[in-house]
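Subject: Structure handover

Hello,

Here is the structure I promised you. My notes follow below it.

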Amino acid sequence: MTMEPDLVRHALVLSALLFAIGVVGVFLRRNLITVFMCIELMLNAANLSLVAFSREVGDDQGQIFAFMVMVVAAVEVAVGLAIIISLVRNRDTVNIEDASQMKW
C-alpha cells in the first residue's frame with residue numbers, strides 16, 4: 001500500500017519543519033526541560049519521516065525502526081529527568097550553564 005506522492009511530500013515537509021524547530025530550540029534555550037522537549041520533537045520528526053518513507057515503499061521496516069527510536073526516546077527521558085531532578089535538588093535551578101558544574 002503506497003501513499004500518494006503529495007502525502008509523502010507533505011509528511012516530509014512537516015517532518016523537516018518539526019526537526020528545524022527542535023534544532024532551533026536546542027540551540028537557543030537555556031532551560032534543560034525545554035531542551036529535552038526539543039530533542040523529543042526532533043526524534044518525533046525523524047519517526048514521521050521513517051513512517052512516511054516506509055509507507056511509500058510498502059515495507060514495514062521503517063515503522064519497526066521508528067518503534068525502536070521511540071524506545072530509545074523513552075530511555076532518554078528517564079535518564080534526562082533523573083539528571084534534571086538531581087540538578088534541581090543540588091542547585092535549585094534548571095539552567096544549562098549550571099549543569100556543567102555537576103562534573104565529578
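Start with the buried positions of helix α3: G62, A66, V69, A73, E76, G80, I84 and L87. Please keep in mind that this is a predicted model.

Helix α3
The helix covers residues 61–91, which is 31 residues. From first C-alpha to last, α3 reaches 44 Å. That is close to the 45 Å expected at 1.5 Å a residue. A nonpolar patch sits on the surface. It is formed by I64, F65, F67, M68, M70, V71, V75, V79 and I83. Together these residues have about 870 Å² of accessible area. V71, one of the patch members, is found in α3. V71 counts as partly exposed because its relative accessibility is 38%, between the 20% and 50% limits.

After α3
D92 comes just after α3, in the loop between α3 and α4. Its phi is positive, about 55 degrees, although D92 is not a glycine. D92 is also exposed, since its relative accessible area is 71%. T93 has its place in that loop as well, ahead of α4 (96–99). The T93 side chain reaches the backbone nitrogen of N95 at 3.2 Å. Setting aside neighbours within four places in sequence, T93 is in contact with L87, V88 and D98. L87 is one of the buried residues of α3.

Helix α1
Helix α1 runs over residues 5–28. Its 24 residues should span 34 Å at 1.5 Å a residue. The end C-alpha atoms are 34 Å apart, so the span agrees with expectation. V8, A11, S15, G22 and G25 are buried in α1. These buried residues pack against α2.

S15 is worth a look. With a relative accessible area of 6%, S15 falls under the 20% cut-off and is therefore buried. Not counting residues up to four places away in sequence, S15 touches A45, A46, L48 and S49.

The salt bridge
How many salt bridges are there? The count comes to one. The side chains of D6 and R9 meet in it, at 2.9 Å from N to O. Side chains of opposite charge can pair when their charged atoms come close. D6 and R9 are three residues apart in α1, so about one helical turn separates them. D6 counts as partly exposed, because its relative accessibility is 42%.

Helix α2
C38 is found in helix α2, which covers residues 32–57. Is C38 buried or exposed? C38 is buried, because its relative accessible area is 11%, and the cut-off is 20%. What does C38 touch, not counting residues up to four places away in sequence? C38 touches G22, G25 and V26. G22 and G25 are among the buried residues of α1. From C38 to I64 is 26 residues in sequence and 23 Å in space, C-alpha to C-alpha. I64 is one of the residues in the nonpolar patch.

Where to look
For the pairing of α1 with α2, view S15 beside A45, A46, L48 and S49, then C38 beside G22, G25 and V26. For the loop after α3, view D92 with its positive phi and the T93 side chain at N95.

Best wishes

Notes:
Residues are numbered from 1 along each chain as its sequence is written. This is a predicted model: local features need pLDDT of at least 70, side-chain atom pairs count only at pLDDT 80 or more; totals for chains, interfaces and linings use all residues. Side-chain values use heavy atoms; hydrogens and water are left out. Helices (H or I, at least four residues) and strands (E, at least two) are DSSP runs, numbered from the N terminus. The expected span of a helix is 1.5 Å times one less than its number of residues. Buried means under 20% relative accessible area, exposed over 50%, partly exposed in between (1.4 Å probe, protein chains only). A polar contact is a pair of N or O atoms within 3.5 Å; within protein, one must be able to donate a hydrogen and the other to accept it, and residues adjacent in sequence count only if both atoms are side-chain atoms. Contact means heavy atoms within 4.5 Å. Patches are made of residues with over 30% relative accessible area and no salt bridge: like charges are joined within 9 Å, nonpolar side chains (Val, Leu, Ile, Met, Phe, Trp, Tyr) within 5 Å. Accessible areas come from the Shrake-Rupley method with a 1.4 Å probe; for residues, only the protein chains shown count as cover. A salt bridge is a side-chain nitrogen of Lys or Arg within 4 Å of a carboxyl oxygen of Asp or Glu.
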